[in-house]
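Colleague: I have this model open on my screen and would like to get to know one helix really well. Please take me through it closely, and then place it beside another part or two of the fold.

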Amino acid sequence: MHFLISCGGTGGHLSPGISLAEGLMARGHTSTLLISRKKVDARLSEKYPALKFSRMPGRPFSWNPLKLLRCVISQIGAVGYCINLIHRQKPDGIIGFGGFTSAPIVLAGRLGGVPVALHESNRIPGLAIRTLGRFANRVYLPPGVRISSVSAKATRQLGLPVRREIVRLPRAEARAALGLEAGPKVLAILGGSQGAASFNSWARAQVATLANEGIQVYCLTGLDKGQPEIREFKTRTGAVVKAIFVPFCDRMAELMSAADLVISRAGSGTIAELIRCETPAILVPFPHAADDHQRANAEFFERQGGGLVIAQAQMETLHDEVLDAIFNDWLLRKFRGNLRRMDRANSLDLMIRDLENLAGTPTSPSAPTFVPA
């Protein structure tokens, strides 16, 4: 079978799309991943030469009148592009992971009579999923989340599919791969695929103090937010520790496995990778995220015992919170145990088997299946 997977615009959309495409390929299916023309999509897709990507037209939604007009015009063009793509490839199913690349292919799929599935990974569903959900044959939502416009029959409770290379690695191996010292504590700072200026400023202001305490820092600054940089400091005992700043990292398994603690935004993709790698985190939700969905994601993560949450308005307390957590080995072990418990379900296998049923190829009777929500 052949599937079209819409997953462009951010790393949080593209990563689960890649995970699904790899899982489908492992079961003998083919797919085309529809991505945007943004730099982050091009950068991440370069790592997967075995997968087929198609860069589709389209602009993100905005309430700004001029940007909204450009969005509408571009989306009309994208629908035409998708209708043509469906005519040429004749897919057995379409899957959208949200964002501005999903609407054109979902609408084109409905017009063409192709089964459509949508996946929402945030605790508060985004505009694209809320709007398009009523047109979908299947909507995958996080456990406990519902959308009033989507029937229970079409709803499935499912976590985020994580790329197969995202697994916990031996700590010494991961640190060596990133150029970090094996012994000292490691703090990783992740601002998401676009970077976070507030995180970058905080890291540069605190890095000498953290180094004095014996903490190495590995900070992802975001594309177009500075050049790669390696700085060396001495601890209070005279040992050398490093602070590494990089715009982009496609080795998240190594980075999360190397870290004792992560400071991160609360995107669902990052949280899923933290869970898979069993890496405790202090989450600082982006306060301007649509519908404040990052706050909901972070609060759920904290309630499950994976780490802590600090509001951006309280970042002056972040330094003390880092020191209190990163040297508390009992607390870190407790967090890691909770993260391990959170990763029990195999979301990817469940999703693939359900998609096979949706597209008309029933799975074996012994295969795990969903019960409608």
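Modeller: Happy to! Helices (H or I, at least four residues) and strands (E, at least two) are DSSP runs, numbered from the N terminus. This is a predicted model, in which local features need pLDDT of at least 70 and side-chain atom pairs count only at pLDDT 80 or more, while totals for chains, interfaces and linings use all residues. Residues are numbered from 1 along each chain as its sequence is written, and side-chain values use heavy atoms, with hydrogens and water left out.

Let's take helix H7, residues 197-212. From the first C-alpha to the last, its 16 residues reach 24 Å, close to the expected 22 Å (1.5 Å times one less than the number of residues). Along the way H7 has a kink of about 50°, centred on Gln206; the bend at a residue is the angle between axes fitted to the seven residues ending there and the seven starting there.

Gln206 is also among the buried residues of H7 (buried is under 20% relative accessible area, with a 1.4 Å probe and protein chains only). Phe199, Asn200, Trp202, Ala203, Val207, Leu210 and Ala211 are buried in H7 too. An α-helix has 3.6 residues a turn, so residues three or four places apart point the same way. The cover over the buried residues of H7 (contact is heavy atoms within 4.5 Å) includes strands E8 (185-190), E9 (215-220), E10 (229-234), E11 (240-246) and E12 (261-264). Helix H11 (318-326) belongs to that cover as well. After H7 comes Gly214, with a positive phi near 90°.

Now put helix H1 (residues 11-26) beside it. H1 has 16 residues and reaches 22 Å, close to the 22 Å expected. Because 12 of the 16 residues of H1 are buried, this helix is largely enclosed by the rest of the structure. Among those buried in H1 are Leu14, Pro16, Ile18, Leu20 and Glu22. H1 is followed by Gly28, whose phi is positive and near 90°.

Elsewhere, seven strands form an open sheet with parallel pairing, in the order E3-E2-E1-E4-E5-E6-E7 (two strands pair if DSSP finds at least two bridges between them). E3 (52-55) and E7 (155-157) each have a single partner strand, so one side of each is left without a neighbour in the sheet.

Terms used: Buried < 20%, exposed > 50% of the residue type's maximum accessible area, 1.4 Å probe, protein only.
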